[in-house]
Amino acid sequence: MEEIKSKTNLFEDIKIFKDLERDIIETKKCCACGACVAFCNSQGFDVIKMEGYTPKFISEENEDNCKECGICYYICPNTTPLMDQLNEMYNAESELGHIITVIAAKTIDENIREFGQDGGIVSTFLTYLFEKDEIDGAIVSEYDENLNPLPKIIFDKKDLIKSSGTRYSISPNILSLKDLNIISQDILEKKNIENIDDLRLAFVGTPCQCRAVRKMQYLNITPAYNIKFVIGLFCFENFDYDKIYKIIQDETNVKPSDILKTNIKKNFFITSKKEEVFEINIKTLDPAVRSHCQECDEFTAKFSDISVGASGAPEGHSIIVVRTAKGQRIINSLTTEGIIEKYRIPIEQITEWKTKKINWFNKMTSRKTK
Ligand SMILES: Cc1cc2nc3c(=O)[nH]c(=O)nc-3n(C[C@H](O)[C@H](O)[C@H](O)COP(=O)(O)OP(=O)(O)OC[C@H]3O[C@@H](n4cnc5c(N)ncnc54)[C@H](O)[C@@H]3O)c2cc1C
Ligand code: SF4
Ligand code: SF4
Ligand code: SF4
């Protein structure tokens, strides 16, 4: 706590969970990332829980358990404290953040190619980290038979296929960190880990989630220091699960359990398990967009090691924005070892390709902020 205090001077005017409720949750700015609950629960404080998409006191009696530490308020990605520090630390004052390079690429792994959303870069990056023993686990979003997202920590690269692809509804990925202290002894022994603090994780999430993880890392609080790699996903908007699948079913008669894949390419596309493709005008889904997304000004996940998306990518490829030396090292290895195939930019486009992509990201970001 002393270290945190000296880093932030937080405790002069300390804000606590009640302030978070008033400033963020009740004003519909909460993006359901799960960070507040993950931190509080991982300390065993027994104060707050996630109910659907909403962090809440577990009960009136549990309010008294609140230590008034204020951490939940400061790590929330939608509060202002720590943002200046993060922008400075990650050289991210501009809307797109720090960019080392931008490339387009696709995986050569056939299995990932089949199940991945775009170029399968996220799953390939994680596979490589497991294979090279750079991580012990990865925080991803799996899903049930009705495409309901399930945040999860996985410990084996074989489980990555279960998370590949995109589900366009909220997955509070950070929430899975709340159970870090109850990871089974079997797993720790298998990974040869004596102390839970030595567990090395990669995190995959939306820009708002990456921002919360970076705030947690800035404060060096458990459980964020377990996270060694942050992979951000481009994100224009996200949806309420019940609302989006109700609209989809009304429009197409396809139940979530019959959907193979969903994709946004200007409009919303659904591929059913019978391989039928349905197109829904993206505007039809507006009532299902989460209200916090309407205020969000991040598109490319600027607080990540690499950000991955499809906007502006050649067909079948992902766009990768490399942001840190760590991200660059892994992307270099993946390309030089031939694990991902870099898109060959046509000779006549070479000089302007990167600038065009950056202009495109700027355009998408300002469309968002409008
Ligand atoms: C809500 C949402 C909105 C998006 N909007 C855009 C957009 O507007 N433009 C764009 O270019 N890209 C967008 N993306 C990113 C895009 O859909 C792909 O995730 C990205 O291109 C990576 O593709 P891939 O083939 O490399 O990933 P894969 O190898 O298929 O891996 C996908 C990863 O995404 C994670 N994931 C899946 N669903 C969720 C979820 N709901 N929340 C958090 N993590 C999840 C999985 O854990 C997995 O690790 C969005 C993603 C999400 C989750
Ligand atoms: S104990 Fe701390 S983290 Fe938990 S709710 Fe109270 S102020 Fe927030
Ligand atoms: S930390 Fe995340 S879940 Fe908690 S209030 Fe903020 S946005 Fe919502
Ligand atoms: S649009 Fe912004 S707030 Fe909404 S899920 Fe994406 S990153 Fe989070």
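Ligand 3 has 15 residues around it, with Cys 30, Cys 33, Ala 35, Cys 36 and Cys 76 the closest. Here a residue is near a molecule if its C-beta atom, placed from the backbone, lies within 6 Å of it. Two elements give two or more residues to this shell: helix 2 (17-25) and helix 3 (35-42). Helix 2 gives the most, with 3 residues. Helices (H or I, at least four residues) and strands (E, at least two) are DSSP runs, numbered from the N terminus.

This is a predicted model: local features need pLDDT of at least 70, side-chain atom pairs count only at pLDDT 80 or more, and totals for chains, interfaces and linings use all residues. Residues are numbered from 1 along each chain as its sequence is written, while chains are lettered from A and ligands numbered from 1 in the order in which they are written.

**The other ligand shells**

Ligand 2 is surrounded by 14 residues, of which Phe 17, Cys 40, Cys 66, Cys 69 and Cys 72 come nearest. Helix 3 and helix 4 (71-75) each supply at least two residues of that shell. The residues around ligand 4 include Cys 31, Cys 208, Cys 235, Cys 293 and Cys 296. Glu 237, Arg 290 and Glu 298 are also among them.

The table splits each shell by class. Ala, Val, Leu, Ile, Met, Phe, Trp, Tyr, Cys and Pro count as nonpolar, Asp, Glu, Lys and Arg as charged, and the others, Gly among them, as polar.

| Shell | Nonpolar | Polar | Charged |
|---|---|---|---|
| Ligand 2 | 11 residues | 1 residue | 2 residues |
| Ligand 3 | 13 residues | 2 residues | no residues |
| Ligand 4 | 6 residues | 3 residues | 3 residues |

**The chain as a whole**

The protein chain has 12 helices and 13 strands. Its radius of gyration is 20 Å, close to the 21 Å that the globule rule gives for 370 residues, so the chain is as compact as a globular protein of that length. That radius is taken over C-alpha atoms, and the rule is 2.2 Å times the number of residues to the power 0.38. Along its principal axes, the C-alpha trace spans about 60 × 45 × 45 Å.

The domain assignment gives domain 1 (14-80), domain 2 (88-238 + 291-369) and domain 3 (241-288). Such bounds come from an automatic or database domain assignment. The C-alpha centres of domain 1 and domain 3 lie 33 Å apart.

Of the 370 residues, 44% count as buried (20 or more other C-beta atoms within 10 Å of the residue's own, C-beta atoms being placed from the backbone).

Key. Buried ≥ 20, exposed ≤ 12 C-beta atoms within 10 Å, placed from the backbone.
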